[in-house]
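Please study the sequence and the three-dimensional structure shown below before attempting the exercises.

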Amino acid sequence: MYSRGVFQRSEITKGENLLQELTEINALIVGATQGIGLGFVRSLLLDTRVKKLFCSYRQEATAGELFKLRADHPDRVVCLNLDVTEEADIVSAAKTIKDGVGILHLALYCVGVLHEGELAPEKSLRDLNAPDLLYSFHVNSVGAALVAKHLATLFDRRTPGLFAAISAKVGSIGDNRLGGWYGYRASKAALNMFMKTAAIEYKRRCPCTIVVSLHPGTTDTRLSKPFQDNVPEEQLFSVEHTVELLTDVMSRLKPEDSGEFYSWNGNRLPW
Ligand SMILES: NC(=O)c1ccc[n+]([C@@H]2O[C@H](COP(=O)([O-])OP(=O)(O)OC[C@H]3O[C@@H](n4cnc5c(N)ncnc54)[C@H](OP(=O)(O)O)[C@@H]3O)[C@@H](O)[C@H]2O)c1
């Protein structure tokens with residue numbers, strides 16, 4: 001983790017990344033049971049600087065792979081039961097982290113919903129309904145804001161830190177050319193605004209902690225499965241590839257990059 005990579009088109013400013021100075025890292029992955037979140041768990045376990053890895057799951061039914069990793073790394077992996085629509089779960093997770101390690105250096109919000117049960121991305125205005133829209137906002141945006149709220153006191157004033165939320169390019173208002181996917185798009189745009197606003201407050205509270213939104217690129221996970229047919233093979237990333245790319249982007253971030261929205265290739269995306 002945090003190894004340097006080669007970025008031809010990166011817009012991230014030059015300079016030293018403060019996280020690279022750390023010799024010990026306590027990390028939290030929110031949404032660690034599937035896809036990109038689980039990929040980050042696997043990747044972080046390869047970094048010997050990561051001493052404690054807090055991993056959230058919302059239900060045991062889909063947490064089998066994560067529990068196996070905990071069994072393999074009982075001293076490092078701590079699993080936290082956390083549904084992001086329940087603020088009490090977030091409070092309890094933050095308390096476990098505070099009691100366990102006191103300081104957090106890295107938090108990745110990897111939770112997201114595009115389809116679930118009857119919920120499906122809307123093709124047209126006639127498909128909109130309030131409960132589904134509100135659910136998308138609750139999971140994709142409000143959950144991340146509440147996590148930022150309760151983690152704020154866990155990032156130290158003088159120690160480097162990073163809080164990244166996995167967003168999506170379709171949440172870019174400036175880049176919206178195709179329309180559709182109202183709830184997902186709007187909730188990711190709201191997520192980006194929450195992260196931008198939290199970045200400003202974090203800068204006052206813990207100026208060494210960077211807050212960003214990241215677009216992972218289309219990645220072969222449960223979330224993208226129903227929509228992969230029209231994606232050219234070279235544009236469909238494996239989880240491992242996405243994690244590697246985003247790790248490289250994160251490895252280049254510096255405090256002045258806080259509050260921005262970056263793509264997997266290091267380019268800044270339009271709001
Ligand atoms: N895959 C892509 O192509 C793509 C593209 C752009 C952006 N993204 C974003 O990348 C992030 C990760 O997505 P993914 O592709 O890895 O999706 P995924 O495989 O479906 O994983 C989503 C994760 O979110 C968790 N989750 C969902 N609702 C939750 C809730 N209410 N409380 C707590 N956890 C909850 C899931 O837990 P359960 O196991 O309990 O369901 C799972 O761990 C999302 O923010 C997504 O929007 C993905």
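The exercises below treat helix packing, burial and the surroundings of the ligand.

This is a predicted model, in which local features need pLDDT of at least 70, side-chain atom pairs count only at pLDDT 80 or more, and totals for chains, interfaces and linings use all residues. Residues are numbered from 1 along each chain as its sequence is written.

**Exercise 1. Determine how α1 and α2 are arranged, and which residues join them.**

Solution.

Step 1. Helices (H or I, at least four residues) and strands (E, at least two) are DSSP runs numbered from the N terminus. Helix α1 covers residues 35–45 and helix α2 covers residues 64–72.

Step 2. The axes of α1 and α2 are 10 Å apart, and the helices pack at an angle of about 15 degrees. Axes are lines fitted to C-alpha atoms, for helices over the stretch in contact, and angles run from 0 to 180 degrees between N-to-C directions.

Step 3. Angles under 35 degrees count as roughly parallel, over 145 as roughly antiparallel, 65 to 115 as roughly perpendicular and the rest as oblique. Therefore α1 and α2 are roughly parallel to each other.

Step 4. The crossing of α1 and α2 is left-handed. A crossing is left-handed if the near helix is turned anticlockwise from the far one by less than a right angle, and right-handed if clockwise.

Step 5. On the α1 side, Leu38, Val41 and Leu45 meet Glu65, Leu66 and Leu69 of α2. The contact of α1 with α2 comprises five nonpolar, no polar and one charged residues. Here Ala, Val, Leu, Ile, Met, Phe, Trp, Tyr, Cys and Pro count as nonpolar, Asp, Glu, Lys and Arg as charged, and the others, Gly among them, as polar. Two residues are in contact if their C-beta atoms, placed from the backbone, lie within 7 Å.

**Exercise 2. Describe the crossing of α1 and α6.**

Solution.

Step 1. The two axes come within 9 Å and cross at roughly 70 degrees. Therefore α1 and α6 are roughly perpendicular to each other.

Step 2. The crossing of α1 and α6 is right-handed. From α1, the residues Gly35, Ile36, Gly39, Phe40 and Ser43 take part, and from α6, Val239, Glu240, Thr242, Val243 and Thr247. By class, this contact has four nonpolar, five polar and one charged residues.

**Exercise 3. State how many residues of α1 are buried, and what they pack against.**

Solution.

Step 1. A residue is buried if 20 or more other C-beta atoms lie within 10 Å of its own, exposed if 12 or fewer, and partly exposed in between, with C-beta atoms placed from the backbone. In α1, eight of the eleven residues are buried.

Step 2. These buried residues are Gly35, Ile36, Gly37, Leu38, Gly39, Phe40, Val41 and Leu44. The elements against which they pack are β1 (25–30), β2 (50–57), α2, β4 (106–109), β5 (161–166) and α6 (239–251).

**Exercise 4. Identify the element that gives the most to the shell around the ligand.**

Solution.

Step 1. A residue is near the ligand if its C-beta atom, placed from the backbone, lies within 6 Å of it. There are 27 residues around the ligand, of which Gly35, Thr62, Gly112, Thr221 and Leu223 come nearest.

Step 2. The shell divides into eleven nonpolar, 13 polar and three charged residues. Helix α1 gives the most, with three residues.

**Exercise 5. Locate serine 187 and describe the packing of its helix.**

Solution.

Step 1. Serine 187 lies in helix α5, residues 182–205. Serine 187 counts as buried because 29 other C-beta atoms lie within 10 Å.

Step 2. Neighbours within four places in sequence aside, serine 187 is in contact with Ser136, Phe137, Asn140 and Ser141.

Step 3. The axes of α5 and helix α4 (residues 130–151) come within 9 Å and cross at roughly 15 degrees. This makes α4 roughly parallel to α5. The crossing of α4 and α5 is right-handed.

Step 4. By class, the contact of α4 with α5 has ten nonpolar, five polar and two charged residues.

**Exercise 6. Is tryptophan 181 buried or exposed?**

Solution.

Step 1. Tryptophan 181 is found in the loop between β5 and α5.

Step 2. Tryptophan 181 has 21 C-beta neighbours inside 10 Å and therefore counts as buried.

Step 3. Although tryptophan 181 is not a glycine, its phi is positive, at about 50 degrees.
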